[in-house]
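Visitor: I would like a close look at a single part of this model, the small sheet in the second chain, with enough of the surroundings to judge how far it can be read.

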Amino acid sequence: MEKLKKKIRSFSFWNWVIASIIFRLILIYFPKNLNLCSRPEVSTPLTSFRRLAEGYWLKQSSMSPYAGSMYHGSPLLLSLLGPLTVKRIEGQPNHLLYSLVSVIADVVSAMLIRATGQNLQVAYFGTLKSLDLVKQIELSEVHSSGDVAALIYLCNPFTIVACVGLSTSPIENMAVILCLYGACSRLVPLAAFGWVIATHLSLYPAILIIPVHLSFVLAICDLLLGYGPDAPPRKLFLQRHQQKGLSSQSKLPPGFSWGSIIHFAFWALLWSVYVLVLCGISLKQFGGLWEMFKSTYGFILTVEDLSPNVGVLWYFFAEVFEFFRNFFLIVFHVNILFMILPLAIRLHHRPCYLAFVYVAICSMLKSYPSVGDSALYLGLLGWFVNELSDMQFSLFLFCGYVGVSLLSPVMHNLWIWRGTGNANFYFATAMVYACLQIVLVVEGVSAMLNHDRKLRSLILDKPRDAKS
Amino acid sequence: MAETIENSHSDEKPKPRVRPIVRFGIFLVSHSFLVSIVCFTSGVLALFLLPVLAKNTYISENALMPGSASPMLSNQHVSDGNRLVKDLTNSNLKSSETGIESHKIIAQYMLDVGAEVSFHKFHPQMNQFHPLHFFSSPDSGKIQENYSCSSYGINTVGIIRAPRGDGKEAIVLVTPYNALTSSFGEVLSLGIAYSVFSLLTQVTWLAKDIIWLVADSQFGEYAAVSAWLREYQTPKFSSMSALNAEMCPDINNLFEIEVHSMAGSKFSNSFRRAGTMTAALVLKVRDQSEQFDDTISIYAEASNGQMPNLDLINVVNYLAVHRQGLRVNVEKLWSFLNLGWLKSLGEIFESLANIAKSLNPKFKFGIPATEYVEGTAILASSLYYQALGVPTGPHGAFRDYQVDAITLEISPKFSLDKVWRNDIILRGGRLIEGVIRSVNNLLEKFHQSFFLYLLTSPSKFVSVGVYMIAFALLIAPLPMVAASLYVDSNSSSNCSKGDSSTPSAITDTDEHGITIRSWRWLNSAKLVFIVHLWGAIVSVLPYFICQIPDCSPTTSFMIWVLLSILSLLILNSVLASPFACVKASQEKEWALVKSVTISSVFIGLGLMSVINFATAEIGALLMVPMCLLARPLKLDVRAGTFRSCCRIICNLVLGHIAFPPAAFFLLKGMLDGFGSANVGGFWMWVESLWAWNSATYLFIVKATYLSWMSKADARYQRNIFNIHSKKG
């Protein structure tokens, strides 16, 4: 019976995967890709397909791809994806090959998410087992978090739009997910590779180094104690063991192990040197690496392009006085850094969840956010479907996301095409969107902490039950 | 055991202090019934208060300076215009088989005053419905199908280059003219335009180019203007025009002859352009008129309820009233003027205002009852035309390219003598001249004044900030009721679980909370999504149906209905049958479904109010009570009390009235008597709507599936009931 159920479930999972792929292909065959690649919500200066094509064209005509402030991505993307921007198949849509690459990237990411989710689920069950809470699992309906997360990622309209809109965010997302997958399955070289590539492509994933490290550190614990990458706080285990009357203090590992960090650092260094050498080779005659750093990372950090997007920075820096600009640049970027440490301390026992929170915060405070970034963290949210079952405001958040994603194109239309609105209209939706993301993060974190509390209370109540 | 656990919980967690704003929210949600009634009635009341709250218009852009210069149009120019009128009427009497002759005359006149002249040949284009048109840019040149050479129109375009301008901006003057059946009104409007045109070639103050478009209105005024605008805004670099020309040699020959016959050097056969358009005026003269006074009617509504900048209307209104002594009209729904209750409402408002004034003489917001009734009639027509989304004249074509445009229709006191004709040309011409001179002063495009407004008289308006309050009051109940339903369904499900027969197991699951409790709404969201998807499919269907050749409206309507039902069945079977996959324990599910539906309606109405306010307002008036009253029939029938009976009746009536075909029939029946209403009529009406790419159309379809939603609720309950009975 159980097996049959599982079979049905997996069958419908593959059905949905295929349906989402077919849906993407149908959309690709629409004329002009429904104008999606010119929408500000989909393609930012960093991820725009047209800029990629322009950069490739500049490079082909032996000019620096960064000339004229058109292209701001990685030179590696130029060499990998550039040829696809010009290659055409007769009788097919113009950018079929490139679209296929993004579809494949989406599917690969979904599969990686699924594998990671299954990993997490096994770990979760392991934890509950070690805490003697197995009875509760059997009673309640538990969703396979890997499948849920993968389906959320694949069927999310944001992901579909980013994929069909020919932006490069599916590839950036894939790098981030690769990094997390490597961390959760304890493949240090893979994790380091994902981290280096993700950082190289969009800079912000650099802060993922903390959750990745934590997961390795916890992985060491895992070997000793038998609990996985995401688990309730270690104190719980201590309490549990104390109640059992074991003096388990000796069994607990030291919280920090230098070995894994050095291991990771070595691989990260290796990969980054490798990437930099490749970039250096491809940019040898166009100003070298310095030019690249200036027009990729520099472009991200100084917010040069103020064309509208779903973020809040463009409007702010269009309004701010020039002599305050540097100050506010620092403020906004330090904002992300400020949140790193408190969150890392509070959520150090759940590195994957910490990674989710970091990704969400980055996509909120990024200089050039797009819906592709939201697609990533919404997909990651699916991993914690069991833990977050009691999240508040879920309907409100859902309606908010639906409303904003419909309202944003309308406001853009009012501003640009009809001329009856103005920039404030569009910026209002961007602010609402940012607020929604904040609510999501806050509610998500509090729901996770509540979950941990609930587990603790269950453990503490157990002995009392036994007595009564 | 369960109790001890609960106790320990309550001991552990002291009740958190609730912030005042949260407490206020909780209060609103818990009293949602009362609050929604209050909000809804006050929303309706506020709608009727709008004519009272209307402000006087004022000219917001200082640069316009209307009427600051004395008009320069003299009798000389009037006699020029008269000459053109005479020539045109003579040529019409002589030969009326083709309109070419009169176009030639107009072109010759334009050349005589030293303007650049070109002909624009166009094929009337059928309006095509594009489901995604709204979010894209104004349509660029579509691939055009083969046209027969016999049907084409000719626009005559004259351009005056401004002596002081850099040729980057232009003002457009449009006179629709049908050369085949040229009525006297049209000829007269040409005369007025020509007198202004001949003046403008001589003046020195002109800083923007003037384009005079004589639009060939034999295929409709709108088609001609929009064809010219499409050509103007989207230059064609392909060989399409050449190809067209090759296909129709006879037309080409005609043009050749003309070019030779006209000696002027400024004539060109290619398309001529001036700069970006700042404003456009469409000038018409009505043929018959029974007015006592010379009046001028302003038509402003463009597609999708867009309005031109209020400043343009202000300038016209100011100049017409204060300089030329014309009466200005805007459209009104005449049937409103005779409504008794409206009059008494106006009297009530007036007496209230009087009382307020007696209390404190500073309160001055009352208006006389007659003025109130007239304001309401104008407001109603303003709402109606904006909601319909169909432009009220050729000015609508300009708004698609962000050009502010209005139609001026002069309806003169009718008589045929020459003095009168001179007078009307003089006054009309001076009005046009004044408006052009004002617009000529503009440094930027119109941006100062309002774009979102409703008129209650030519000199009074209700701005977006005021009418949005009425709308917000109207839809405020929706989120509250949705929240209260959601909260209720969540808490009640918990209670029922606690009360059920096997407490230990279930409370246990409840306790450690690995049930997906807070995500239970996902099921109902799926149901709502499927219904919405069906609505989207239904709304796209006519696009394919109209591809079928030779269909009478009735048959195509039938096809539409059949296909819609079929698509519902298919969706139902493919997407895991939302009506059947319900567990028996979830009888309270309808509350969640209703909550999700209401929130989706709220989102939809909010969106619509941004796109097209008037549609949203009317839609809210229909849909909000329906949403709030919707309740499964089964439950009410079982309850069997008087209150539930009333609710059933309300539900059924509202559900049927708000169903668009039904609403259409009722309206039509009220207006023309029930005899004329038929199914085909509805199809025609819908067709006319989507032909204009109207967002209203999408909205109406949305209303369709909304009303289905309440029925779906009922059906859904019936299904559950069936399952029950089978089990029992």
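Guide: What follows takes the sheet strand by strand and then sets it within its chain, its partner chain and the confidence of the prediction.

The model is predicted, with an ipTM of 0.84 and a pTM of 0.83. The part you ask about is an open sheet of 3 strands in chain B, arranged in the order β1-β12-β11 with antiparallel pairing. Its edges are taken by β1 (55-56) and β11 (453-457) of chain B, and because each of these has a single partner strand, one side of each is left without a neighbour in the sheet.

On one flank, β1(B) is joined to β12 (residues 460-463) of chain B by 2 bridges, and the two strands run antiparallel. Within this pairing, B:N56 stands opposite B:K460 of β12(B). On the other flank, β11(B) and β12(B) pair over 4 bridges, again in the antiparallel sense, and these two strands make up a hairpin with 2 residues between them. Here the residue that stands opposite B:K460 is B:S457, so that B:K460 of β12(B) has B:N56 across from it in one pairing and B:S457 in the other.

The side chains of β12(B) can be followed residue by residue: B:K460 and B:V462 point one way from the strand, whereas B:F461 and B:S463 point the other way, and all of them are buried. A helix also belongs to this picture, since α12 (residues 369-388) of chain B packs on the sheet and touches both β11 and β12 of chain B. The direction of helix α12(B) makes about 145° with that of β11(B).

Further along the sequence from β12 (460-463) of chain B, the unreviewed UniProt entry annotates residues 464-487 of chain B as a "transmembrane region", one of several such stretches in that record. In the model, residues 464-487 of chain B are 96% helix and 0% strand, with the end C-alpha atoms 34 Å apart. Another stretch with this annotation covers residues 591-608 of chain B, where the chain is 100% helix and 0% strand and the end C-alpha atoms lie 25 Å apart. The record also places the annotation on residues 21-50 of chain B, while strand β1 of chain B is found at 55-56.

As for the chain as a whole, chain B has 26 helices and 12 strands, and buried residues make up 52% of its 728 residues. Among its contacts between residues at least 6 apart in sequence, 85% join residues at least 24 apart. The surface that chain B exposes comes to about 33000 Å², with carbon and sulfur atoms supplying 62% of it.

Chain A, by contrast, has 20 helices and 0 strands, and 56% of its 468 residues count as buried. Among contacts in chain A between residues at least 6 apart in sequence, 75% join residues at least 24 apart, and of its accessible surface of about 20400 Å², 70% belongs to carbon and sulfur atoms.

How far the details can be trusted is a matter of confidence, and the mean pLDDT of chain B is 72, with 65% of its residues reaching 70 or more. The lowest confidence in chain B falls in helix α17 (residues 503-512), at a mean of 37, and the highest in strand β4 (residues 169-177), at 92. Over residues 239-247 of chain B the pLDDT is below 50, and beyond near neighbours in sequence this stretch has 6 contacts in the model. Residues 495-515 of chain B are also below 50, although that stretch has 34 contacts beyond near neighbours in sequence. Predicted coordinates should not be read in detail where pLDDT is low, and that caution applies to residues 495-515 of chain B, where the pLDDT is below 50.

Definitions and conventions: Residues numbered from 1 in each chain as written. Chains lettered and ligands numbered in written order. Predicted model: local features only at pLDDT ≥ 70, side-chain atom pairs only at ≥ 80, totals over all residues. Heavy atoms only, no water. pLDDT = per-residue confidence, 0-100. Contact = heavy atoms within 4.5 Å. UniProt positions renumbered as here; feature names shortened; annotations may be inferred. Buried < 20%, exposed > 50% of the residue type's maximum accessible area, 1.4 Å probe, protein only. Areas by Shrake-Rupley, 256 points an atom, 1.4 Å probe, with all protein chains shown as cover. Pairing = 2+ DSSP bridges. Axes fitted to C-alpha atoms, helices over the stretch in contact; angles between N-to-C directions.
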